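Here are some short exercises to work through with a structure at your side. Try each task before you read its solution.

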Amino acid sequence: MAGLALDGANPDVSLLYDINGLAADAPGWFDRVMEFVGEYGIMLGMVLVALWCWWSVRRREDAVTSVAGLVWAPLAAGIALLINVPIRGFVERPRPFNDHKGLEVLVAGKTDFSFVSDHATMAMAIGVGVFVANRKFGLAAIGLAVLEGFCRVYMGVHYPTDVIGGFALGTAVALLLAPLAMLLLTPLMAAISRSQKVGWLVRAKGSVERGAATVGGGLELGSGSSSGAGAGSGSGPDDGGSGAFPGPRAAGDSERNDLAA
(Lines give C-alpha, C1' and ligand atoms only; values in the text may rest on other atoms or scores of the structure.)
Protein backbone atom coordinates (compact mmCIF):
# COMPACT_ATOMS: atom_id res chain seq x y z
CA MET A 1 0.00 0.00 0.00
CA ALA A 2 2.89 2.36 0.65
CA GLY A 3 3.96 1.87 -2.96
CA LEU A 4 0.56 2.92 -4.22
CA ALA A 5 0.84 6.18 -2.33
CA LEU A 6 3.93 7.14 -4.32
CA ASP A 7 1.94 7.32 -7.55
CA GLY A 8 0.75 10.88 -8.07
CA ALA A 9 -2.14 9.64 -10.25
CA ASN A 10 -3.50 7.55 -7.39
CA PRO A 11 -6.99 8.80 -6.36
CA ASP A 12 -5.89 8.41 -2.75
CA VAL A 13 -3.11 10.96 -3.30
CA SER A 14 -5.31 13.22 -5.42
CA LEU A 15 -7.96 13.34 -2.69
CA LEU A 16 -5.24 13.98 -0.12
CA TYR A 17 -4.11 17.06 -2.04
CA ASP A 18 -7.69 18.24 -2.58
CA ILE A 19 -8.61 18.07 1.11
CA ASN A 20 -5.25 19.27 2.44
CA GLY A 21 -5.32 22.09 -0.11
CA LEU A 22 -8.18 23.58 1.88
CA ALA A 23 -5.71 24.14 4.71
CA ALA A 24 -3.34 26.03 2.43
CA ASP A 25 -6.15 28.38 1.37
CA ALA A 26 -7.65 28.85 4.85
CA PRO A 27 -6.62 31.65 7.24
CA GLY A 28 -4.06 30.76 9.88
CA TRP A 29 -6.49 30.98 12.79
CA PHE A 30 -8.79 28.43 11.14
CA ASP A 31 -5.93 25.99 10.69
CA ARG A 32 -5.08 26.35 14.38
CA VAL A 33 -8.69 25.54 15.23
CA MET A 34 -8.64 22.50 12.95
CA GLU A 35 -5.38 21.37 14.50
CA PHE A 36 -6.91 21.43 17.98
CA VAL A 37 -10.17 19.86 16.82
CA GLY A 38 -8.38 17.07 14.94
CA GLU A 39 -5.94 16.25 17.74
CA TYR A 40 -8.08 16.71 20.87
CA GLY A 41 -11.38 18.50 20.31
CA ILE A 42 -13.38 15.76 18.62
CA MET A 43 -12.23 13.13 21.09
CA LEU A 44 -13.36 15.45 23.90
CA GLY A 45 -16.67 15.80 22.08
CA MET A 46 -16.99 12.00 21.96
CA VAL A 47 -16.52 11.86 25.73
CA LEU A 48 -19.21 14.50 26.23
CA VAL A 49 -21.65 12.63 23.96
CA ALA A 50 -20.98 9.40 25.89
CA LEU A 51 -21.56 11.16 29.23
CA TRP A 52 -24.77 12.73 27.96
CA CYS A 53 -25.90 9.33 26.75
CA TRP A 54 -25.08 7.77 30.13
CA TRP A 55 -27.03 10.47 31.95
CA SER A 56 -30.03 9.84 29.70
CA VAL A 57 -30.12 6.03 29.56
CA ARG A 58 -29.95 5.62 33.35
CA ARG A 59 -33.61 6.66 33.41
CA ARG A 60 -34.66 4.04 30.87
CA GLU A 61 -36.16 0.64 31.58
CA ASP A 62 -33.24 -0.97 29.71
CA ALA A 63 -30.64 1.04 31.64
CA VAL A 64 -28.55 -2.03 32.47
CA THR A 65 -27.93 -3.08 28.88
CA SER A 66 -27.52 0.51 27.70
CA VAL A 67 -24.86 1.31 30.30
CA ALA A 68 -23.15 -1.99 29.46
CA GLY A 69 -22.95 -0.80 25.86
CA LEU A 70 -21.42 2.49 26.97
CA VAL A 71 -18.80 0.67 29.02
CA TRP A 72 -18.01 -1.42 25.95
CA ALA A 73 -17.33 1.68 23.81
CA PRO A 74 -13.95 2.69 25.34
CA LEU A 75 -12.99 -0.96 25.76
CA ALA A 76 -13.60 -1.52 22.04
CA ALA A 77 -11.45 1.51 21.23
CA GLY A 78 -8.60 0.17 23.35
CA ILE A 79 -8.76 -3.28 21.75
CA ALA A 80 -8.85 -1.75 18.26
CA LEU A 81 -5.76 0.34 19.01
CA LEU A 82 -3.91 -2.77 20.21
CA ILE A 83 -4.86 -4.61 17.02
CA ASN A 84 -3.58 -1.66 15.00
CA VAL A 85 -0.07 -1.98 16.43
CA PRO A 86 0.89 -5.08 14.38
CA ILE A 87 -1.04 -3.76 11.37
CA ARG A 88 1.06 -0.61 11.28
CA GLY A 89 4.25 -2.61 11.68
CA PHE A 90 3.29 -4.96 8.86
CA VAL A 91 2.20 -2.32 6.32
CA GLU A 92 4.92 0.23 7.22
CA ARG A 93 3.30 3.04 5.26
CA PRO A 94 5.14 6.36 5.70
CA ARG A 95 3.27 9.52 6.56
CA PRO A 96 2.10 11.34 3.41
CA PHE A 97 4.33 14.37 3.98
CA ASN A 98 7.39 12.10 3.77
CA ASP A 99 6.60 11.11 0.18
CA HIS A 100 4.73 14.09 -1.21
CA LYS A 101 5.81 17.69 -1.46
CA GLY A 102 3.66 20.75 -1.04
CA LEU A 103 1.42 19.46 1.74
CA GLU A 104 0.28 21.83 4.48
CA VAL A 105 1.22 19.85 7.61
CA LEU A 106 -0.53 21.30 10.66
CA VAL A 107 0.98 18.92 13.23
CA ALA A 108 4.73 18.40 13.27
CA GLY A 109 6.67 15.56 14.85
CA LYS A 110 4.69 12.60 13.49
CA THR A 111 7.34 9.91 12.98
CA ASP A 112 5.31 6.70 13.20
CA PHE A 113 3.63 4.89 10.32
CA SER A 114 0.45 6.14 8.70
CA PHE A 115 -1.81 3.11 8.04
CA VAL A 116 -4.18 2.87 9.78
CA SER A 117 -5.08 6.09 11.59
CA ASP A 118 -5.22 5.66 15.37
CA HIS A 119 -7.52 8.66 15.75
CA ALA A 120 -9.97 7.36 13.14
CA THR A 121 -9.86 3.87 14.64
CA MET A 122 -10.49 5.05 18.18
CA ALA A 123 -13.19 7.55 17.21
CA MET A 124 -15.20 5.07 15.14
CA ALA A 125 -14.89 2.29 17.73
CA ILE A 126 -16.29 4.64 20.38
CA GLY A 127 -18.99 5.87 18.01
CA VAL A 128 -20.17 2.36 17.16
CA GLY A 129 -19.91 1.36 20.82
CA VAL A 130 -22.20 4.24 21.80
CA PHE A 131 -24.54 3.16 18.99
CA VAL A 132 -24.74 -0.27 20.64
CA ALA A 133 -25.98 1.50 23.78
CA ASN A 134 -28.32 4.02 22.13
CA ARG A 135 -29.00 4.68 18.47
CA LYS A 136 -29.68 8.42 18.75
CA PHE A 137 -26.50 9.26 20.64
CA GLY A 138 -24.60 6.67 18.60
CA LEU A 139 -25.41 8.43 15.34
CA ALA A 140 -24.10 11.69 16.80
CA ALA A 141 -20.90 9.97 17.91
CA ILE A 142 -20.43 8.31 14.51
CA GLY A 143 -20.86 11.72 12.88
CA LEU A 144 -18.06 13.07 15.07
CA ALA A 145 -15.90 10.10 14.08
CA VAL A 146 -16.38 10.90 10.38
CA LEU A 147 -15.40 14.51 11.07
CA GLU A 148 -12.30 13.23 12.86
CA GLY A 149 -11.27 11.34 9.75
CA PHE A 150 -11.70 14.44 7.60
CA CYS A 151 -9.57 16.47 10.01
CA ARG A 152 -6.71 13.95 9.86
CA VAL A 153 -6.50 14.32 6.08
CA TYR A 154 -6.98 18.10 6.27
CA MET A 155 -4.04 18.30 8.67
CA GLY A 156 -1.80 16.46 6.21
CA VAL A 157 -0.92 13.60 8.55
CA HIS A 158 -2.93 10.77 6.93
CA TYR A 159 -4.05 9.54 3.53
CA PRO A 160 -7.80 9.11 3.02
CA THR A 161 -7.33 5.33 2.94
CA ASP A 162 -5.62 5.51 6.34
CA VAL A 163 -8.83 6.98 7.68
CA ILE A 164 -11.08 4.49 5.86
CA GLY A 165 -8.98 1.65 7.22
CA GLY A 166 -9.34 3.08 10.72
CA PHE A 167 -13.10 3.33 10.32
CA ALA A 168 -13.24 -0.30 9.17
CA LEU A 169 -11.05 -1.54 12.02
CA GLY A 170 -12.93 0.37 14.71
CA THR A 171 -16.31 -0.74 13.38
CA ALA A 172 -15.26 -4.38 13.06
CA VAL A 173 -13.95 -4.59 16.62
CA ALA A 174 -16.91 -2.75 18.16
CA LEU A 175 -19.52 -4.84 16.31
CA LEU A 176 -17.96 -8.29 16.07
CA LEU A 177 -16.97 -8.43 19.74
CA ALA A 178 -20.10 -6.68 21.01
CA PRO A 179 -22.17 -9.87 21.64
CA LEU A 180 -19.42 -11.37 23.81
CA ALA A 181 -18.77 -8.06 25.54
CA MET A 182 -22.46 -7.55 26.31
CA LEU A 183 -22.74 -11.12 27.59
CA LEU A 184 -19.99 -10.34 30.12
CA LEU A 185 -20.78 -6.71 30.93
CA THR A 186 -24.57 -6.90 31.30
CA PRO A 187 -24.54 -9.15 34.43
CA LEU A 188 -21.82 -6.93 35.89
CA MET A 189 -23.88 -3.79 35.31
CA ALA A 190 -26.95 -5.56 36.74
CA ALA A 191 -25.03 -6.35 39.92
CA ILE A 192 -23.82 -2.77 40.21
CA SER A 193 -27.37 -1.46 39.70
CA ARG A 194 -28.50 -3.39 42.80
CA SER A 195 -25.86 -1.77 44.98
CA GLN A 196 -27.08 0.80 47.49
CA LYS A 197 -23.89 2.85 47.15
CA VAL A 198 -23.04 2.83 43.45
CA GLY A 199 -26.28 1.68 41.85
CA TRP A 200 -26.88 5.24 40.59
CA LEU A 201 -24.04 4.68 38.11
CA VAL A 202 -26.31 2.30 36.20
CA ARG A 203 -29.83 3.42 37.13
CA ALA A 204 -31.06 6.84 38.19
CA LYS A 205 -32.41 6.97 41.74
CA GLY A 206 -36.07 6.97 40.70
CA SER A 207 -35.45 4.05 38.34
CA VAL A 208 -33.83 2.03 41.14
CA GLU A 209 -36.83 2.59 43.40
CA ARG A 210 -39.27 1.58 40.65
CA GLY A 211 -37.17 -1.54 39.96
CA ALA A 212 -37.28 -2.47 43.64
CA ALA A 213 -41.07 -2.02 43.68
CA THR A 214 -41.37 -4.31 40.68
CA VAL A 215 -39.35 -7.11 42.30
CA GLY A 216 -40.82 -6.78 45.80
CA GLY A 217 -44.49 -6.12 45.11
CA GLY A 218 -45.10 -7.50 41.64
CA LEU A 219 -45.94 -3.98 40.44
CA GLU A 220 -45.34 -2.64 36.99
CA LEU A 221 -42.60 -0.09 36.41
CA GLY A 222 -44.05 3.36 36.82
CA SER A 223 -46.85 2.13 39.15
CA GLY A 224 -49.83 4.38 39.53
CA SER A 225 -50.23 4.66 35.79
CA SER A 226 -52.45 2.49 33.67
CA SER A 227 -50.20 2.65 30.61
CA GLY A 228 -48.04 -0.39 31.40
CA ALA A 229 -44.37 -1.05 32.07
CA GLY A 230 -42.92 1.79 30.05
CA ALA A 231 -45.13 4.60 31.41
CA GLY A 232 -42.89 5.85 34.20
CA SER A 233 -39.51 4.76 32.90
CA GLY A 234 -38.72 7.84 30.90
CA SER A 235 -38.24 5.88 27.71
CA GLY A 236 -40.07 6.49 24.50
CA PRO A 237 -39.72 7.00 20.78
CA ASP A 238 -37.64 10.14 21.24
CA ASP A 239 -34.96 8.28 23.21
CA GLY A 240 -33.67 6.58 20.09
CA GLY A 241 -33.91 3.10 21.58
CA SER A 242 -31.19 0.88 22.89
CA GLY A 243 -28.59 -0.58 20.60
CA ALA A 244 -28.61 -3.76 18.60
CA PHE A 245 -27.35 -6.15 21.28
CA PRO A 246 -29.80 -6.42 24.21
CA GLY A 247 -28.46 -8.39 27.14
CA PRO A 248 -29.93 -10.93 29.51
CA ARG A 249 -31.19 -8.25 31.88
CA ALA A 250 -33.55 -6.91 29.26
CA ALA A 251 -34.99 -10.37 28.69
CA GLY A 252 -35.49 -10.80 32.44
CA ASP A 253 -37.33 -7.48 32.66
CA SER A 254 -39.72 -8.55 29.88
CA GLU A 255 -40.51 -11.85 31.57
CA ARG A 256 -41.14 -10.09 34.88
CA ASN A 257 -43.48 -7.60 33.26
CA ASP A 258 -45.40 -10.46 31.56
CA LEU A 259 -45.90 -12.15 34.91
CA ALA A 260 -47.05 -8.90 36.50
CA ALA A 261 -49.59 -8.37 33.71
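The exercises below deal with a predicted model.

**Exercise 1. Find where Ile19 sits, decide whether Ile19 is buried or exposed, and list what Ile19 touches.**

Step 1. Look in helix H2, which covers residues 11-25; Ile19 is found there.

Step 2. Check the accessibility. Buried means under 20% relative accessible area, and Ile19 has 14%, so Ile19 counts as buried.

Step 3. Leave out residues up to four places away in sequence: Ile19 then touches Phe150, Val153 and Tyr154.

Step 4. Add a distance along the chain. Ile19 and Arg152 are 133 residues apart in sequence, yet their C-alpha atoms are separated by 9.9 Å.

**Exercise 2. Describe helix H7: how many residues does H7 have, which of them are buried, and what do the buried ones pack against?**

Step 1. Start with the length. H7 has 20 residues and reaches 29 Å from its first C-alpha to its last, close to the expected 28 Å.

Step 2. Go through the buried residues, among them Phe137, Ala141, Ala145, Glu148, Arg152 and Tyr154. An α-helix has 3.6 residues a turn, so residues three or four places apart point the same way.

Step 3. Find the partners: the buried residues of H7 pack against H2, H3, H6 and H8.

Step 4. Inspect both ends. At the start of H7, a side-chain oxygen of Asn134 comes to within 3.1 Å of the backbone nitrogen of Lys136. After H7 comes Gly156, with a positive phi near 80 degrees.

**Exercise 3. Work out which residues have the most contacts inside the largest nonpolar core, and which helices supply the core.**

Step 1. The largest nonpolar core has 57 residues, and Leu70, Trp72, Ile126, Val130 and Tyr154 have the most contacts inside it.

Step 2. H2, H3, H4, H6, H7, H8 and H9 each supply at least two residues of this core.

Step 3. Take Leu70 as a sample. Beyond its neighbours within four places in sequence, Leu70 is in contact with Ala50, Cys53, Trp54, Val57, Val130 and Ala133.

**Exercise 4. Classify the ring pair of Trp52 and Phe137.**

Step 1. The structure holds seven aromatic pairs. In the pair of Trp52 and Phe137, the ring centres are 5.4 Å apart and the planes stand at 70 degrees; planes over 60 degrees apart count as edge-to-face, so this pair is edge-to-face.

Step 2. Place the partners: Trp52 is in helix H3 and Phe137 in helix H7, 85 residues apart.

Step 3. Compare accessibility. Trp52 counts as exposed at 60%, whereas Phe137 counts as buried at 6%.

Technical notes
Residues are numbered from 1 along each chain as its sequence is written. Side-chain values use heavy atoms; hydrogens and water are left out. Helices (H or I, at least four residues) and strands (E, at least two) are DSSP runs, numbered from the N terminus. Buried means under 20% relative accessible area, exposed over 50%, partly exposed in between (1.4 Å probe, protein chains only). Contact means heavy atoms within 4.5 Å. A nonpolar core is a set of buried Ala, Val, Leu, Ile, Met, Phe, Trp, Tyr and Cys residues joined through side-chain atoms within 4.5 Å. The expected span of a helix is 1.5 Å times one less than its number of residues. A polar contact is a pair of N or O atoms within 3.5 Å; within protein, one must be able to donate a hydrogen and the other to accept it, and residues adjacent in sequence count only if both atoms are side-chain atoms. Rings of Phe, Tyr and Trp (its six-membered ring) pair if their centres lie within 6.5 Å; planes under 30 degrees apart count as stacked, over 60 as edge-to-face and the rest as tilted.
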